[in-house]
Amino acid sequence: LCPSVTCHHLDGRVEENRANAWAAANIFCSLSDNIQETFGIAPLEAMATGLPVVVSDWNGYRDTVTEDVGFRVPTSAPPPGLGGDLIHRYAQGTDNYDFYTGHASSFVAVDISAAADAFCALIEDSTLRHQMGSAGKARAKTKYDWSSVIPQYEQLWRELSDIRRKAEPHPAAIWPARMDPFAAFAHYATRQVAPADIVKLTAKSADYEQIMKLEMVKYAHRVTPSLEVVSDILSKVDQTGVPVERLVGEGSTAPFRARAIAYMKKIGILA
């Protein structure tokens, strides 16, 4: 997708490669978009080595990466209720865990233009890189050293014990072992796609057929929208923008069209 960018692939299992990568790096990046990523140790490792970070605004990253140590790129996901089929495919053995998490992440979008702005800001300003790197190193040492972490664990245990003692027993309204991922992990993304959101075309809209044929996109073809659905939605969008609710419509297909819009934002053909 970026033929002008030179990429060097190193085997991370080799200790020397890891050390050299940290030492040679100018910027650390992790644009996570999947429910597998919870706390996320890698951004802290980068901060500890004095690197500025660019990460997605996602679950645990939201706690560890503050505005003085790097950039958090906004993310969006479908609202709760649009992922029931994904978890049932997993529960029934149709999909393994890797496919389940991969299918769910196919509908989570990381803001492409905001990511580009973050990289440009750091690439063009060595002073900013140094300031953020120094702040990150100090934050990693003072907040995430074991001497700081253990007392936080102890406080959390006391709070949880207090909650349990006061809680009233109640019947479960959901299947707790197999929840809709967009409900169970609703707090991971910055926001959820809403009916009043305005949807616009992007510069990549015309290339949607090629984009959907990419191996890293089409692996989720069992749950992602068809070319026909994508074409139909694109035909109803213009440069001025159309509300999501107008594109979704009503009836039994509405939830899948709503999820299709999240998917199209994911692959950059809608904004």
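**Figure 1. Strand E4 and its parallel partner E6.** In this predicted model, strand E4, covering residues 75–77, runs parallel to E6, and 2 bridges join the two strands. To find your way into the pairing, start at alanine 77: its bridge partner in E6 is glutamine 192. Zooming out a little, E4 and E6 belong to an open sheet of 3 strands, ordered E5-E4-E6, with mixed pairing. Strand E5 (109–110) and strand E6 (191–192) are the edge strands, each pairing on one side only. As a reminder for this view, strands of a sheet pair through backbone hydrogen bonds, either parallel or antiparallel.

**Figure 2. Helices H4 and H5 side by side.** Here we look at helix H4 (residues 84–91) and helix H5 (residues 97–105), whose axes come within 9 Å and cross at roughly 175°. Angles over 145 degrees count as roughly antiparallel, so H4 is roughly antiparallel to H5. On the H4 side, the contact is made by Leu86, Ile87, Arg89 and Tyr90, while H5 brings Tyr97, Tyr100, His103 and Ala104. Sorted by class, the residues of this contact of H4 with H5 are 6 nonpolar, 1 polar and 1 charged.

**Figure 3. Serine 105, a buried residue of helix H5.** Staying with H5, this close-up turns to serine 105, which has its place in that helix. Is serine 105 buried or exposed? With a relative accessibility of 9%, serine 105 counts as buried, because the cut-off for buried is under 20%. A polar atom of the serine 105 side chain lies 2.9 Å from the backbone oxygen of glycine 102. If you set aside neighbours within four places in sequence, the residues in contact with serine 105 are Asp33, Asn34, Tyr219 and Lys266.

**Figure 4. Helices H7 and H8 crossing.** Next come helix H7 (residues 126–144) and helix H8 (residues 146–166), with axes that come within 5 Å and cross at roughly 50°. This crossing makes H7 oblique to H8, because 50° falls outside the ranges for roughly parallel (under 35 degrees), roughly perpendicular (65 to 115) and roughly antiparallel (over 145). Which residues meet in this view? From H7 they are Thr142, Lys143 and Tyr144, and from H8 they are Trp146, Ser148, Val149 and Gln152. The contact of H7 with H8 holds 3 nonpolar, 3 polar and 1 charged residues.

**Figure 5. Arginine 257 and its surroundings.** This view centres on arginine 257, found in helix H14, which covers residues 254–266. Arginine 257 has a relative accessible area of 15% and is therefore buried, given the cut-off of under 20%. What lies 2.9 Å from a polar atom of the arginine 257 side chain? That place is taken by the backbone oxygen of leucine 247. Beyond residues up to four places away in sequence, arginine 257 touches Asp232, Ile233, Lys236, Leu247 and Val248. Leu247 thus appears twice in this view, once for its backbone oxygen and once among the residues touched.

**Figure 6. Stepping back to the whole protein.** To place the close-ups in context, the protein has 14 helices and 8 strands. Its C-alpha trace spans about 60 × 55 × 35 Å along the principal axes. Of its 271 residues, 37% count as buried; serine 105 and arginine 257 are among the buried residues shown above. Taking contacts between residues at least 6 apart in sequence, 73% join residues at least 24 apart.

Notes:
Residues numbered from 1 in each chain as written. Predicted model: local features only at pLDDT ≥ 70, side-chain atom pairs only at ≥ 80, totals over all residues. Heavy atoms only, no water. Pairing = 2+ DSSP bridges. Helix = DSSP H or I, 4+ residues; strand = E, 2+ residues; numbered from the N terminus. Axes fitted to C-alpha atoms, helices over the stretch in contact; angles between N-to-C directions. Contact = heavy atoms within 4.5 Å. Nonpolar A, V, L, I, M, F, W, Y, C, P; charged D, E, K, R; others polar. Buried < 20%, exposed > 50% of the residue type's maximum accessible area, 1.4 Å probe, protein only. Polar contact = N/O pair within 3.5 Å; in protein donor to acceptor, adjacent residues only side chain to side chain.
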